[in-house]
Structure formats: C-alpha cells, structure tokens
Amino acid sequence: MVDLKGQYAAIKERVDSSILNVIENTAFVNGPEVHAFQKELEEYLNVKNVIPCANGTDALQIAMMGLGLKPGDEVITADFTFAATVEVIALLGLTPVLVDVDPVTFNIDVEAIKNAITPNTKAIVPVHLFGLAANMDEIMDLANEHNLYVIEDNAQGIGGYYTSKDGSKKKTGTIGHVASTSFFPSKNLGCYGDGGAIFTNDDELAHMIRGIVNHGMYERYHHDVVGVNSRLDSIQAAVLRAKLPNLDSYNKARRTAAAKYTKAFKDRENIITPTCFCDASDTNKENCDCHVYHQYTLKIVNSDRDALAKHLNENGIPCGVYYPIPLHLQKAYLDVRYKEENFTVTNQLIKEVISLPMHTELDDEQIEYITSMVINFVNK
Ligand SMILES: *Cc1c(COP(=O)(O)O)cnc(C)c1O
C-alpha cells in the first residue's frame, strides 16, 4: 500500500546525517531537533502553536484533556473513522456520540451532528478522512451556535487546505479550537516510528497542553494538573525535519496518482471515484488543494467488493478496506441509544469501499496494472 523504501532512497543522505547528529548530541528526548521541527511545522501550517507528542492517539487525548472535558460530557464524532478517534473519548470517561457520515465525502454529516446535540454536548471531532477536509464552515457555525469545542483529527489530512465560503483558505488542523495529527510511518508526513502533534492558535490552551504532555509540569517537579508522558523523540524529529520540506511535493505526487486512477475509472458505472471540493471548477485534479489522498478510496457498487479485493491480492496488488466495521457496531463502543436507521450511510459504505495502493512513488506502469485489474474484474 505504501513504498517507504523508495521514498527514503531519495532523502537518504539528509535523513542519515540528521539521525547520526542526534546520536552524537545525545539529546534523545525533547532535544533541539524537536524544538526546531516544532517551529518549522508552525510556520508551514501557519498556526501559532505546535506541541509535538508521542503519537496521534495521544495527541487527540491530550487535546481533550487540555480543553478540560469532564466525565459525562458528550463528544460527537464520525461513525466511519479509525478507532483511535472514539477510543480516547471513552478512555477519558467522556461519552462518545457516533453519528453518520456523508456518502460522497465520507466525512461527518452536519445534519447528523445537529440531531445529536444535547445539553451535555461539549465538543465535535471532525476527521478529515482519507485526506479530504470535513465541512468546516458548517461545523464551526454549529459549534459557535451551541458553544462547543471543535477538535480536528487531522491524522490523515496534513498539508491539505480548506476553502471557506468567503474564499479564504486555511490548512486543515488550523480551523477548529485545537487539532491532532499523527506521524505514523504510513501517514502523509510519517516518521520512522511513532510520533504525533497537537496544533492550536490558542496560546493559553497551548500552555496547558505543554504541561500535560510532560506529567502536568509547568515548573520542574511542580505537578499542577494530572498529565501524561507523551513526547516526540529527537530521532523522529530529525526524520520529520528532513521530510517536511517535501510534504507539498509528496502530496502533489499523491494527487497526480489519484488523478490517473480517476481518469482510468471514468465512465465505469460500478466504480465511484473519490470526490473533492474543487471537482466542479477544476477538472485537472492534480491542481486540487483540498484532498491529500491519504487513501485513494473507491466505492464498488453492484459488484462484489470482497471478491475484487481477493482478485487484486491474488494478482500481487495490495488493497485495504478502511473501514470494515462501523464504530457503533464495535463491541467496545456499543451503546443502547444507537439506532441502525441513523447509520444507513456507514452501514452501506463498509460493504462498498476499497482503497488502492497510494503513496509518493507510484509510477505509470503500476497504475496501469492496478487500474486494468480493477476494471477487468468489475466489468466481468
Ligand atoms: C492514524 C490515525 C490516528 C492515530 O494515530 P497514531 O499515531 O497511530 O496513534 C488517529 N486518527 C486517525 C483518523 C488516524 O488515521
């Protein structure tokens, strides 16, 4: 699904020397590399505060801790996402409220959020799923109207833009009150182990969070709040510093591959290609800036998705089903209040979605082979 080795080959010298440099300096945790990466990422995102941490799941949890959410508070998020999003809500004793998603964008459905708001609702967690920004204008309006926090799960969206109705553009992860991201190796900006970060333009919240990631300490050995140990190590920061200057070109390579896939699947009735917001005005998707294609996810309709996956695997093509089970049906997150009729979209998507190989090193020959295998099967 990804080609991390091919990507490494192109930046090997820079990465190797940065890692060696960290080893020689022995500042392994929170060293100067971490600080420099933090500054560079703040500049790249145009956000006031980046707080690096150990992984993307921690980043979400710490964002919620920083906001002071308390047991009993309800947090609304999408039924169709990676489990980490809902896991940290439950772990903190908050009440997860899963809602349906949009069948076209795969992102949280704003009407469904509206219907789920109660007097106990405190936050909304939109996920920029597969790399496409959620509907942030409407989510922010709703949040302002009901006095809710918005925590963007940007683990799959880093580097993408969201364009507001007024035409202003912001990078995903800088629109809500706070955001989280992951630097897991297969993410669009991946390190060589685990890593994550929290972003916010709120200086007070950033201060709070900087203490939480380090045992609740704001002054050495003074523990003002209950915190966690969640730090980015310097070797990972060195890798991320080497890769950050390439993030835009990495995302462009993903878009180029996506545009080729989409072109090959054009006019195939059984294959629904991913959408993005600039679809209508821009037919050349390589110029898109709202989708960073963390995954390239098709919907296979009136055909057998599982048999297609098997067919691809048998022909040496990796593929993935993200996600095969909606979160509201996962044992850990069952809730008597959920009604199946409120999850018609996710219940359908889990049967239709399939993600094809997507990374920065896909070449024309691979794309041609993959698309012809998909088309041959679905048209059979
Ligand atoms: C990867 C991912 C996470 C978790 O990130 P980790 O670094 O693996 O903890 C959270 N949310 C979403 C949507 C993700 O894709």
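A residue is taken to be near a molecule if one of its heavy atoms lies within 4 Å of it, and by this criterion 13 residues surround the ligand, with Gly56, Thr57, Asp153, Ser182 and Lys187 coming nearest. The structure is a predicted model, in which local features need pLDDT of at least 70 and side-chain atom pairs count only at pLDDT 80 or more, whereas totals for chains, interfaces and linings use all residues. Residues are numbered from 1 along each chain as its sequence is written, and side-chain values use heavy atoms, with hydrogens and water left out.

Three of the nearest residues can be followed through their polar contacts, a polar contact being a pair of N or O atoms within 3.5 Å. An oxygen atom of the ligand lies 2.7 Å from a polar backbone atom of Gly56, while a nitrogen atom of the ligand is 2.8 Å from an N or O atom in the Asp153 side chain. At Lys187, an N or O atom of the side chain is 3.1 Å from an oxygen atom of the ligand. Of the 380 Å² of accessible area that the ligand has on its own, the protein covers 91%, with areas taken from the Shrake-Rupley method with a 1.4 Å probe.

Classed with Ala, Val, Leu, Ile, Met, Phe, Trp, Tyr, Cys and Pro as nonpolar, Asp, Glu, Lys and Arg as charged, and the others, Gly among them, as polar, the shell around the ligand has 4 nonpolar, 7 polar and 2 charged residues. Helix 3 (56–66) and helix 4 (84–91) each supply at least two residues of this shell, helices being DSSP runs of H or I with at least four residues, numbered from the N terminus.

The ligand sits in the largest pocket, in the sense that more than half of its atoms lie within 2 Å of the pocket's grid points. On a 1 Å grid over the protein atoms alone, a pocket is an open set of points with protein on both sides within 12 Å along at least five of seven lines, a cavity is a set where a 1.4 Å probe fits but cannot get out, and lining residues have an atom within 4 Å of a point. About 470 Å³ of space lies in the largest pocket, where a volume is the space filled by probe spheres set on grid points joined across faces, edges and corners. Its lining consists of 26 residues, of which Phe82, Gln156, Phe184, Lys187 and His294 lie nearest the centre, and helix 3 gives the largest share, 3 residues. This lining divides into 12 nonpolar, 10 polar and 4 charged residues.

The whole structure also holds 2 cavities of 30 Å³ or more, and the largest cavity contains about 80 Å³ of space. Its lining includes Val2, Lys187, Arg254 and His359.

Two backbone features remain. A cis peptide bond, with omega about 10 degrees, joins Tyr322 and Tyr323, and Tyr323 is found in the loop between helix 10 (305–314) and helix 11 (344–352). Asn30, in the loop between helix 1 (4–25) and helix 2 (32–45), has a positive phi near 55 degrees.

Conventions
A polar contact is a pair of N or O atoms within 3.5 Å; within protein, one must be able to donate a hydrogen and the other to accept it, and residues adjacent in sequence count only if both atoms are side-chain atoms.
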